[in-house]
Amino acid sequence: MNCMSENQLRAYHDGEVHAAERPELEAHLASCALCEKRYHEIAAAAERVQGQLLSLDAPDAQSSVDPQVALARFKATHETGVERDSFFSRLFARRWRPAWVTAVAATIILCSLAFPSGRSLAQRFLATLRVEKVQPVRLDFSALDGNRPLQEMLRQMVSDKVVVTADEKPQPAETATDASQLAGFPVHLLGARADAPKFTVEGQHAFHMTVDRSRLQDIFDQAGRPDLMLPATVDGAQVSVNVPRSIRVEYGDCPHAHPPANAPGTPNAPPTAGAWSNCVALVEAPSPTVNVPADLNIQQLAEIGFQLSGMNATQARELGQTIDWKSTLVLPMPRFAGTYSQVQVDGRQATLINGSGAPGRRGPDYVLIWVKNGIIYGLVGRGDSSNAVALANSLS
Amino acid sequence: MLENVVEEFAGRKPQTRGPNFGEPDLVGQGSTRERFDEIFVAHYARIVRILRRVVGNQGQAEELASEVFLKLYRAPLAQGQGHAGNLPGWLYRTATNLGIDALRAAARRNRFEQDAARDHGSRKQTVEDGFERTLRGERQQMVRAVLADLKPEQARLLLLRASGHSYKELADALDVESGSVGTLLIRAEAAFEQRFREIYGDEGER
């Protein structure tokens, strides 16, 4: 046999020669000093380089990657892109967000900022945040509205870091009983309205996200606030959020996202004068729950959030100190809002937001929000806002 | 839900679900859609492991791995076309391409930063870094710098071989004859060692 080629020598070393060829190659190597010498050179170089490449493994390289979890995350991010936009873009887009979603978003971002690391989530006790009362706060993030890179960074962070575990569609319900059964809590109706309402049960949404401190810091930098420094050791902690099913009870002729095919107008068309004047929509939503590590200083995080909205450190601190962060839903004033006031509904403090009354403005004339027995109620309508309190008090 | 009500009052269309929510056309129709899941589960962990070696960061490795599958997701390979018969090869080639691109980009940044530091005569940072970095980290940085400097096809070959790819898998991933893989490996290793010596001298050898 002639001397072995380099390719043969290397393949022999790697066990990549056909079994039938192996005995002959072995015999040749044993008898040919030249090939044997070259074989050892090749083998030594292979092992050196292999060793160098294997040294690239991190010390924790054994940490497992669960492909099923990764697949679920991938699908949540990409397969249901349309739906994710509908739910998650609300977290960060510029238009007014529902009180609880805003709070959830703010909580995620804020709570993500200051987790002490070094301990796994499983080793920590969790604190569960539930909404018991609502506090309106004027926050102005409009300076960030035109910041497209920032919006993209937020969108990408949500896309990468949020793992959706529940993302249900809304479902119509024929009757109050059906709606209650579907939602898992008894629906309340407005006794002052004699007409039959329509029911829609909004699906449950749940997700958790892993903190990525460097990306959050990048986002702060992009927001023009590199001075807001995050604690150095926040990576890897998790915040979980559950938004239970809620019910929308609709009275009268209301704007709707899905009008019948032969219905006049479209939901995109600006409302004409007097349109939907008899419409009142009541939203009943059990408080979302946000699980965070118990040792989290939410006030400190909230102050960072306030500063992002343009407050100075003193203002942020003063406002932060007035709020019980474990149970208060901080309600950023929507853009249509003119004024807000505290009123009483069913013996509880409620927030009544009035439209600005500006000519050509869009949006409802009022939104009334209150919390009772763990359910957040939102009453949205047109017309005189003083009717709102009477309507709300007729809840049965 | 409340925000939808307000949006509707404002005459804006709330975000709505697409008609095929949850049923996107993934990798063609029917069984090919199911195949995407199989492919993902079969290859994801290995791809992340390879990419972690390349970029040295678990999070970035997972992001790059997702990018690989996103390419597949967005441009599904039809049966009997393109790389459909060699899907694993396509996946690993794409993954190593992305990894090496990221590595080279990082190397360029590092080089720029090092040059800038040198231009300013700043030795302080070097000293501080020396304290902070572990020996292991330094060694990894050296290996990655050499990989970033190699011809991409040689870097890909070494990375995939180190992750246990057989000659057949290497040939599929790199689009070369399986009968020449041994020779290509020898050349790539020689190039790696030579470049290592050029950059770090004999001291760079263990």
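**Exercise 1. State which residue follows helix α8 of chain B and give the sign of its phi.**

Solution. The residue after α8(B) is B:Asp175, and its phi is positive, near 60°. Helices here are DSSP runs of H or I with at least four residues, strands are E runs of at least two, and both are numbered from the N terminus. This is a predicted model, in which local features need pLDDT of at least 70 and side-chain atom pairs count only at pLDDT 80 or more, while totals for chains, interfaces and linings use all residues. Residues are numbered from 1 along each chain as its sequence is written, and chains are lettered from A and ligands numbered from 1 in the order in which they are written.

Helix α8 itself spans residues 167-174 of chain B, and its buried residues are B:Tyr167, B:Leu170, B:Asp172 and B:Ala173. A residue is buried if 20 or more other C-beta atoms lie within 10 Å of its own, exposed if 12 or fewer, and partly exposed in between, with C-beta atoms placed from the backbone.

**Exercise 2. Describe how α3 of chain A packs on α7 of chain B.**

Solution. Step one is the geometry: α3(A) (residues 33-54) and α7(B) (residues 152-162) pack at an angle of about 80°, with their axes 10 Å apart. Axes are lines fitted to C-alpha atoms, for helices over the stretch in contact, and angles run from 0 to 180 degrees between N-to-C directions. The angle makes α3(A) roughly perpendicular to α7(B), a class that covers 65 to 115 degrees (under 35 is roughly parallel, over 145 roughly antiparallel, the rest oblique).

Step two is the residues. A:Val49, A:Gln50, A:Leu53 and A:Leu54 of α3(A) meet B:Leu158, B:Leu159 and B:Ala162 of α7(B); contact requires C-beta atoms, placed from the backbone, within 7 Å. By class, six are nonpolar, one is polar and none is charged. Nonpolar covers Ala, Val, Leu, Ile, Met, Phe, Trp, Tyr, Cys and Pro, charged covers Asp, Glu, Lys and Arg, and the others, Gly among them, are polar.

Step three is burial: eight of the eleven residues of α7(B) are buried, including B:Leu158 and B:Leu159. B:Gly164 follows α7(B), with a positive phi near 95°.

**Exercise 3. Locate the centre of the largest nonpolar core by its contacts.**

Solution. A nonpolar core is a set of buried Ala, Val, Leu, Ile, Met, Phe, Trp, Tyr and Cys residues joined through C-beta atoms within 7 Å. The largest has 55 residues, and those touching the most other members are B:Ile47, B:Leu51, B:Leu64, B:Ala65, B:Val68, B:Ala95 and B:Leu158. Helix α2 (residues 31-55) of chain B gives the most to this core, with nine residues. Leaving aside neighbours within four places in sequence, B:Ile47 is in contact with B:Ala65, B:Val68, B:Leu91 and B:Ala95.

**Exercise 4. Assess the confidence of chain B.**

Solution. Chain B has nine helices and zero strands. Its average pLDDT (the predictor's confidence in each residue, from 0 to 100) is 73, and 63% of the residues score at least 70. Helix α5 (residues 124-132) is lowest in chain B, at a mean of 48, and α9 (residues 181-200) highest, at 93. Residues 12-32 of chain B have pLDDT below 50, with 39 contacts beyond near neighbours in sequence. Where pLDDT is low, the predicted coordinates should not be read in detail. For the model, ipTM is 0.71 and pTM 0.48.

Methods:
Contact = placed C-beta atoms within 7 Å.
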